[in-house]
Amino acid sequence: MFLTPGDLANFRSDVGQALPDIGTILAEARTPDGAGGWTSTYPAVTGGTVPVRLDPPGLGNKQVVFAQREGYVIEYICTMPYNAPVAANYRMNVNGKTLDM
């Protein structure tokens, strides 16, 4: 048996209730700097304010080296509605945290 449109609407409503925060999806916009490079800004995308949930993946943080210094990359699992306007290299701002996707 297939799911009916009513079943899907019920499932989506249930998931929506499990997304406690609001996030803003951001896309890079580049402005030429006149010296062959650019300046990046990250404005919100159209329809990019969505309910989200951030969860740690449970495997801990990754230790990495940046510019010969140790640091950590903190990863999250970001759950959002199925129709959120996301793409590779976008960012998400949730509760003051900016996350790369």
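In this predicted model, a salt bridge joins the side chains of Glu28 and Arg30, with 3.4 Å from N to O. Glu28 is partly exposed, at a relative accessible area of 34%. A second salt bridge links Asp55 to Arg53, here at 3.2 Å from N to O. Both partners of this pair were also assigned an exposure class. Asp55 has 25% relative accessibility and counts as partly exposed. Arg53 is partly exposed too, with a value of 35%. Asp100 and Arg91 also meet through their side chains, and the N to O distance in this salt bridge is 2.9 Å. Asp100 is exposed, at 60% relative accessibility, whereas Arg91 is partly exposed, at 26%. The total is three salt bridges.

Arg91 appears in several results. The residue belongs to strand 8. Besides its salt bridge with Asp100, Arg91 places its charged end over the ring of Tyr42, 4.0 Å from the ring centre. Arg91 can also be compared in position with Glu28. The two residues are 63 apart in sequence. In space, their C-alpha atoms are 8.2 Å apart. Glu28 itself has its salt bridge with Arg30.

A charge over a ring is found at Arg12 as well. The charged end of Arg12 sits over the ring of Tyr82, at 3.8 Å from the centre of that ring. Contacts between two rings were also counted. A pair of aromatic rings is described by how far apart the centres are and by the angle between the planes. The search returned zero aromatic pairs. Rings do take part in contacts with charges, including that of Tyr42 with Arg91.

The overall fold comes next. The protein chain contains one helix and nine strands. Its radius of gyration is 18 Å, well over the 13 Å that the globule rule gives for 101 residues, so the chain is more spread out than a compact globule. Along the sequence, the order of elements is α-β-β-β-β-β-β-β-β-β. The helix therefore comes before the strands in this pattern, given that α stands for helix and β for strand. The C-alpha trace spans about 60 × 35 × 25 Å along its principal axes. Of the 101 residues in the chain, 16% are buried.

Val50 is an example of a buried residue, because its relative accessibility of 6% is under the 20% cut-off. Val50 lies in strand 4, which runs over residues 44-55. The distance from Val50 to Asn83 was also computed. These two residues are 33 apart in sequence, and their C-alpha atoms are 9.6 Å apart in space.

The surface carries a nonpolar patch. Leu3, Leu8 and Phe11 form this patch. Together they have about 280 Å² of accessible area. Leu8 is part of helix 1, which covers residues 5-17. The relative accessible area of Leu8 is 32%, so Leu8 counts as partly exposed. This value also allows Leu8 to belong to a patch, because patch residues need over 30%.

Backbone angles were examined last. Most residues other than glycine have a negative phi. Gln68 has a positive phi of about 65 degrees, although Gln68 is not a glycine. Gln68 lies in the loop between strand 5 (62-66) and strand 6 (69-73). With 80% relative accessibility, Gln68 counts as exposed. Asn95 is also not a glycine, and its phi is positive at about 50 degrees. Asn95 is located in the loop between strand 8 (91-94) and strand 9 (97-100). Its relative accessible area is 55%, so Asn95 is exposed.

Key: Residues are numbered from 1 along each chain as its sequence is written. This is a predicted model: local features need pLDDT of at least 70, side-chain atom pairs count only at pLDDT 80 or more; totals for chains, interfaces and linings use all residues. Side-chain values use heavy atoms; hydrogens and water are left out. Rings of Phe, Tyr and Trp (its six-membered ring) pair if their centres lie within 6.5 Å; planes under 30 degrees apart count as stacked, over 60 as edge-to-face and the rest as tilted. A charge sits over a ring if NZ of Lys or CZ of Arg is within 6 Å of the ring centre and within 35 degrees of the ring normal. Patches are made of residues with over 30% relative accessible area and no salt bridge: like charges are joined within 9 Å, nonpolar side chains (Val, Leu, Ile, Met, Phe, Trp, Tyr) within 5 Å. Accessible areas come from the Shrake-Rupley method with a 1.4 Å probe; for residues, only the protein chains shown count as cover. A salt bridge is a side-chain nitrogen of Lys or Arg within 4 Å of a carboxyl oxygen of Asp or Glu. Helices (H or I, at least four residues) and strands (E, at least two) are DSSP runs, numbered from the N terminus. Buried means under 20% relative accessible area, exposed over 50%, partly exposed in between (1.4 Å probe, protein chains only). The radius of gyration is taken over C-alpha atoms; the globule rule is 2.2 Å times the number of residues to the power 0.38.
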